[in-house]
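Consider the fold presented here, beginning with its helices and then turning to its sheet.

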Amino acid sequence: MGLNRTVRTMRRRLRFASQTGRVRLPGAVRHLHGPTAPLTEPDACVAVTIMRDAGPWVETFIEHYLRLGVARVVLLDNGSTDGTLAAVPRRPDVTLLATALRFDRYKQALVRRLVRCHAGAGWALCVPAGQAV
């Protein structure tokens, strides 16, 4: 009975920590291309997404959100095997990152990190892409 209570308590604490953004990510998020500085304009928007195997539609995805008026698109690749990294256009308004962390376990922490690091004074639009959702 005591072990079950300890496990429940640890899960509750981990869930709270991930909701408040205090979880440490046990791995690297590698920067591959694009700007790393956060936005400085308060009315600017950054589109943030985690993607996997989104090669066929990643360029259309980027164009769509840039046409909507976002200042930057931040893409975090989560282990694509279909050439997604090569399909991302090298543009000054697109930031490409990569990680090997498990999406199902670290989704919220990764999204919070992307928003915190790239939105800056602006605001963020978190959108799904590819098979990440």
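Helices (H or I, at least four residues) and strands (E, at least two) are DSSP runs, numbered from the N terminus. The model is predicted: local features need pLDDT of at least 70, side-chain atom pairs count only at pLDDT 80 or more, and totals for chains, interfaces and linings use all residues. Residues are numbered from 1 along each chain as its sequence is written, and side-chain values use heavy atoms, with hydrogens and water left out.

Helix 4 covers residues 103-118. Around A109 this helix has a kink of about 35 degrees, the bend at a residue being the angle between axes fitted to the seven residues ending there and the seven starting there. Just beyond helix 4, G120 adopts a positive phi of about 55 degrees.

Five strands make up an open sheet of mixed pairing, in the order 1-4-3-2-5; two strands pair if DSSP finds at least two bridges between them. Strand 1 and strand 5 (123-126) are the edge strands, each pairing on one side only. Strand 3 and strand 4 run parallel and are joined by five bridges, and V73 stands opposite V94 in strand 4.

How does the sheet meet helix 4, and which residues of helix 4 are buried? Helix 4 lies across strand 1, strand 2, strand 3, strand 4 and strand 5. Its buried residues (under 20% relative accessible area, 1.4 Å probe, protein chains only) are Y106, A109, L110, L114 and H118. These buried residues pack against strand 1 (29-33), strand 2 (45-51), strand 3 (72-77) and strand 4 (94-99), contact meaning heavy atoms within 4.5 Å.

How values were computed. The expected span of a helix is 1.5 Å times one less than its number of residues. Buried means under 20% relative accessible area, exposed over 50%, partly exposed in between (1.4 Å probe, protein chains only). Axes are lines fitted to C-alpha atoms, for helices over the stretch in contact, and angles run from 0 to 180 degrees between N-to-C directions.
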